[in-house]
Amino acid sequence: MRIYKAKAPMRIGFFGGGTDVSPYAEEHGGKVLNCTIDKYVRCMLKPSDDGALTIRSLDLEEVSRNVTGHWDGKLSLPQAVLDAVPLAKGVEVTMFSDVPPGSGLGSSSALVVSMLKLMGEAYNIPMTPHELAETAYKIERVDLGIPGGRQDQYAAAFGGMSVYHFSKNGVIVEPVLSDTTALLELESCLLIGYIGSRKLLTQQLVNDQVNRLKQGDTLRYHDETKAFVDESVKLLRAKKIDDFGRLLHDAWEVKKAFSPYIAPPIVDEVYAKARKHGAWGGKITGAGGGGFMVIACPFDRRLEMERVLTEAGMQVRHFSFTTQGVHAWSFDTDE
């Protein structure tokens, strides 16, 4: 029996988040800097025993089956991926994420990209990274109507530290660093941690941002957020990591003006403690409301920062940057 597996990385969004969301991206041009990390959504495909389509989410402890052409269960995202691949019949797909749902690390898009790559490996459907990202975007944003932008799908497909340029004409991917020293130095001065699910806030938060943009209330904040991307790239290439961290603080102050839902009290409390103990800057890694935070601080303050943030309720998680996007492979087994 042949088994197929895939994994797609999640990402830390540093600058420009929100400018990849429609209608801003098409009307004004979006720009985002992010980097993938060694936290993945992992999937496996194998033939099913009864010929049905079965989805098993190990972390959500949910099972969904399609026996008669209709799905049962709650797993709408993986259901939509299998519906988009008519060749998928009589298989069981098992999946889990390295982080909790509502992480703000792009786990939903990583799931879709991982599953699409898995299907491509199993059914010999070649797809470029651009095609993977665009197909994932269509499934999430168009087919299922889940609000959000494009950066997560592209990060999962391409991987690495890149600037993504979004416009009505398409998406341009600009890798940022040819020298890994800057990436390693930045990694040594960052920590991430989970402060609670943002799952229930996601749709309300994104819709609120879009409405405020359409009313003209936040256009200048989007423009300011986008401008931080070019400055941050210059600082990275010059290996000025402390200034990069301070720029995170400036950008976070602007980002909070997008919507009152972005920084609930627990976020402000944790961030204030980080700053009090020497953090250069930091932010929520996703659209806001909770999930993971990233904090930039001097290397020799890392352990103290971990202790302080843990006491404040953050679940600190160690990580490393990655330079590659989604992977898929297969092997034979005697099972």
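A residue counts as buried when its relative accessible area is under 20%, as exposed when that area is over 50%, and as partly exposed in between. The structure treated in these exercises is a predicted model.

**Exercise 1. Classify the two partners of the salt bridge between Glu311 and Arg307, and place them in the chain.**

*Solution.*
Step 1. The relative accessibility of Glu311 is 59%. The threshold for an exposed residue is over 50%, so Glu311 counts as exposed.
Step 2. Arg307 has a relative accessibility of 43% and therefore counts as partly exposed.
Step 3. The closest N and O atoms of the two residues are 3.4 Å apart. A salt bridge requires a side-chain nitrogen of Lys or Arg within 4 Å of a carboxyl oxygen of Asp or Glu, and Glu311 and Arg307 form such a bridge.
Step 4. Both residues belong to helix H11, which covers residues 302–311. They are 4 residues apart, or about one turn of the helix.

**Exercise 2. Determine which parts of the chain are linked by the salt bridge between Glu26 and Arg150.**

*Solution.*
Step 1. The closest N and O atoms of Glu26 and Arg150 lie 3.9 Å apart. This pair belongs to a total of 21 salt bridges found in a search of the whole structure.
Step 2. Glu26 is in helix H1 (residues 24–28), whereas Arg150 is in the loop between helix H4 (129–143) and helix H5 (151–158). With 124 residues separating them, the pair links distant parts of the chain.
Step 3. The accessibility of the partners is then compared with the cut-offs. Glu26 has a relative accessible area of 31% and is partly exposed; Arg150, at 17%, counts as buried.
Step 4. The pair is also part of a network of salt bridges, in which Glu26, Glu134 and Arg150 are linked.

**Exercise 3. Describe the surroundings of Arg141.**

*Solution.*
Step 1. Arg141 is located in helix H4.
Step 2. Its relative accessible area is 15%, so Arg141 is buried.
Step 3. Two backbone oxygens are then examined. That of Ile146 lies 3.3 Å from a polar atom of the Arg141 side chain, and that of Gly148 lies 3.4 Å from a polar atom of the same side chain.
Step 4. Leaving aside residues up to four places away in sequence, Arg141 touches Ser109, Ile146, Pro147, Gly148, Gly149 and Gln153.

**Exercise 4. State how many residues of helix H5 are buried, and identify what covers them.**

*Solution.*
Step 1. Helix H5 is mostly covered, with 7 of its 8 residues buried.
Step 2. The buried residues are Gln151, Asp152, Gln153, Tyr154, Ala155, Ala156 and Ala157.
Step 3. Among the elements that cover these residues are E1, strand E2 (30–47), helix H3 (107–123), H4, E6 and E7.
Step 4. Just after H5 comes Gly159, which takes a positive phi of about 75 degrees.

**Exercise 5. Locate Gly16 and name the residues that it touches.**

*Solution.*
Step 1. Gly16 lies in the loop between strand E1 (2–15) and H1.
Step 2. With a relative accessible area of 2%, Gly16 is buried.
Step 3. Not counting residues up to four places away in sequence, Gly16 touches Lys31, Val32, Thr225 and Val229.
Step 4. A separation in sequence can also be set beside one in space: Gly16 and Lys255 are 239 residues apart in sequence, and their C-alpha atoms are 9.0 Å apart.

**Exercise 6. Describe how strands E3 and E4 pair and how they are connected.**

*Solution.*
Step 1. Strand E3 (residues 53–57) and strand E4 (residues 62–66) pair in the antiparallel sense over 5 bridges.
Step 2. Ser57 stands opposite Glu62 in E4.
Step 3. The two strands form a hairpin with 4 residues between them. In the turn, Glu61 has a positive phi of about 55 degrees.

**Exercise 7. Characterise the second largest pocket by its volume and its lining.**

*Solution.*
Step 1. The second largest pocket holds about 200 Å³ of space.
Step 2. Its lining consists of 16 residues, and those closest to its centre are Gly160, Met161, Pro175, Leu177 and Thr323.
Step 3. The elements that give two or more residues to this lining are strand E6 (161–167), strand E7 (170–175) and helix H6 (180–188).

How values were computed. Residues are numbered from 1 along each chain as its sequence is written. This is a predicted model: local features need pLDDT of at least 70, side-chain atom pairs count only at pLDDT 80 or more; totals for chains, interfaces and linings use all residues. Side-chain values use heavy atoms; hydrogens and water are left out. Buried means under 20% relative accessible area, exposed over 50%, partly exposed in between (1.4 Å probe, protein chains only). Contact means heavy atoms within 4.5 Å. A polar contact is a pair of N or O atoms within 3.5 Å; within protein, one must be able to donate a hydrogen and the other to accept it, and residues adjacent in sequence count only if both atoms are side-chain atoms. Two strands pair if DSSP finds at least two bridges between them. On a 1 Å grid over the protein atoms alone, a cavity is a set of points where a 1.4 Å probe fits but cannot get out, and a pocket is an open set with protein on both sides within 12 Å along at least five of seven lines; lining residues have an atom within 4 Å of a point. Grid points are joined across faces, edges and corners, and a volume is the space filled by probe spheres set on the points.
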